[in-house]
Structures are given as structure tokens and as C-alpha cells.
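Reader: I'd like a close look at a single part here. Could you walk me through the sheet, strand by strand, along with whatever packs against it?

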Amino acid sequence: MYAESDVPQARVALVLGAQVKPDGTPSAFLAARLDLAKRLYDAGRVEMIMVSGDHKAPEYDEPAAMRDYLITAGVPAAKLIVDPGGYDTYESCVRAKQIFDLAELTIVTQSYHLVRAVATCRALGIEAMGVGDGSARRYPVSWWRGTVRDQFAFVKTVVDLITLREPLPIEGQRAS
């Protein structure tokens with residue numbers, strides 16, 4: 001895990017999804033992740049940005065909101081990889097390897113989530129490093145909730161890694 005200024009170059013940054021508001025815009029936490037990924041892209045630390053999130057329902061589309069936000073911020077669409085099947089951290093990591101053939105990446109998420117995200121990708125055979133955003137600490141109640149939630153998510157991740165749960169299929173994408 002690295003500070004933003006120290007992260008080594010990688011081909012792809014994986015931005016993990018988070019809440020999207022009813023109007024289709026990213027929550028403050030998700031916007032902070034996307035802004036960090038864009039800064040890494042602008043600095044030449046990553047060549048492409050993969051956005052992975054929940055799109056189980058037509059009216060809720062994290063990856064599209066993430067893509068639109070980054071395009072509006074100036075990232076070319078050709079430099080974005082969109083994964084609509086990242087329903088959780090485990091599935092985003094599995095799909096990065098199985099569907100998108102990524103063997104190495106930089107994960108971008110909140111700092112409290114970074115250890116679990118990097119460890120999950122590494123356990124699945126991806127050479128992962130990460131950069132955590134801490135700017136959302138200015139929302140102390142949400143930050144605290146996220147930190148506590150992430151501790152419980154560790155248990156689910158361990159079960160997923162032991163069972164090697166297969167990700168949910170997405171129409172039109174190959175399975176492993």
C-alpha cells in the first residue's frame with residue numbers, strides 16, 4: 001500500500017464501486033475514489049482506469065455513474081474499462097482476473113478498505129498494490145460506519161476465498 005505520491009506505475013487502476021445517489025451521481029466517498037484515480041492517471045501512474053461496481057438493476061448503475069464522472073473530468077472513454085459485475089470487493093477482484101485478464105493492478109478505495117481489497121486480489125493471484133483515500137474522513141459518521149462495516153466484510157471475504165465463490169454471470173461475458 002502506497003501514498004498517492006509514491007505508488008509505482010501500473011497499467012490499470014481498479015476503482016471499487018460505492019453508493020451512487022438517486023440522481024445517478026457518485027456519493028462523496030465514490031467521488032473521492034474517482035478523483036484519486038484521475039490524479040493517478042494524470043500523473044502517468046496508471047494507463048487505464050477500471051471501474052467495477054453494482055449494476056443488478058436498471059435503475060442503479062455504479063459503473064456507468066463512475067464512467068460518466070471520469071469522462072466529464074477529462075479521462076478519455078478509451079482509457080476506461082467498465083465492469084458491471086463488481087457486486088462486492090471479492091467479485092471485482094475475481095472478475096479483474098477471470099474476465100479482464102488482469103494480472104497486476106493498483107486498487108483505489110478508501111484507506112479503511114484498502115487492506116482487505118489488496119489482500120483479496122493477492123489471494124486470488126493478482127499482483128495488487130493500493131492507494132487509499134482519506135479525504136472522506138470529513139464525514140465522521142459515514143467514515144466510522146464504513147470502517148465498522150469493513151470489519152464485518154472481512155469475515156465474508158474469508159469465506160469467499162475459502163470457497164472460491166464464483167462471481168455472478170453477466171450476459172455476454174465469458175466465465176472462467
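Author: Sure. In this predicted model, five strands form an open sheet in the order 3-2-1-4-5, and the pairing is parallel. Strand 3 (80–83) and strand 5 (127–133) sit at the edges with a single partner strand each, so one side of each has no neighbour in the sheet. On average, neighbouring strands are turned by 25 degrees against each other, direction ignored.

Let's take strand 1 and work outwards. Strand 1 covers residues 10–16, and its parallel pairing with strand 4 (residues 104–110) runs over 3 bridges. In that pairing, A13 faces T106 of strand 4. Then there's helix 3, residues 89–98, which packs on the sheet and touches strand 1, strand 2 (46–52), strand 3 and strand 4. The direction of helix 3 makes about 155 degrees with that of strand 1.

On the other flank of the pairing list, strand 1 is joined to strand 2 by 6 bridges, again parallel. L16 has S52 in strand 2 as its bridge partner. To get from strand 1 to strand 2, the chain passes through helix 1 (residues 28–42), and this β-α-β crossover is right-handed. Strand 2 is mostly covered, with 6 of its 7 residues buried.

Next comes the step out to the edge. Strand 2 pairs with strand 3 in the parallel sense, this time over 4 bridges. Here M50 has I81 of strand 3 as its bridge partner. The link is another β-α-β crossover: the chain leaves strand 2, goes through helix 2 (residues 62–72) and reaches strand 3, with a right-handed sense.

Back to strand 4 and what lies over it. Helix 4 (residues 111–123) lies across strand 1, strand 4 and strand 5, and runs at about 155 degrees to strand 4.

One residue in that helix deserves a zoom: R116, which is found in helix 4. Its relative accessibility is 6%, which is under the 20% cut-off, so R116 counts as buried. The side chain of R116 makes a polar contact of 3.3 Å with that of H113. Leaving out residues up to four places away in sequence, R116 touches T89, R149, D150, A153, F154 and T157.

Note on methods
Residues are numbered from 1 along each chain as its sequence is written. This is a predicted model: local features need pLDDT of at least 70, side-chain atom pairs count only at pLDDT 80 or more; totals for chains, interfaces and linings use all residues. Side-chain values use heavy atoms; hydrogens and water are left out. Two strands pair if DSSP finds at least two bridges between them. Helices (H or I, at least four residues) and strands (E, at least two) are DSSP runs, numbered from the N terminus. Axes are lines fitted to C-alpha atoms, for helices over the stretch in contact, and angles run from 0 to 180 degrees between N-to-C directions. Contact means heavy atoms within 4.5 Å. Buried means under 20% relative accessible area, exposed over 50%, partly exposed in between (1.4 Å probe, protein chains only). A crossover is right-handed if, with the strands pointing away from the viewer, the path from the first strand over the helix to the second runs clockwise. A polar contact is a pair of N or O atoms within 3.5 Å; within protein, one must be able to donate a hydrogen and the other to accept it, and residues adjacent in sequence count only if both atoms are side-chain atoms.
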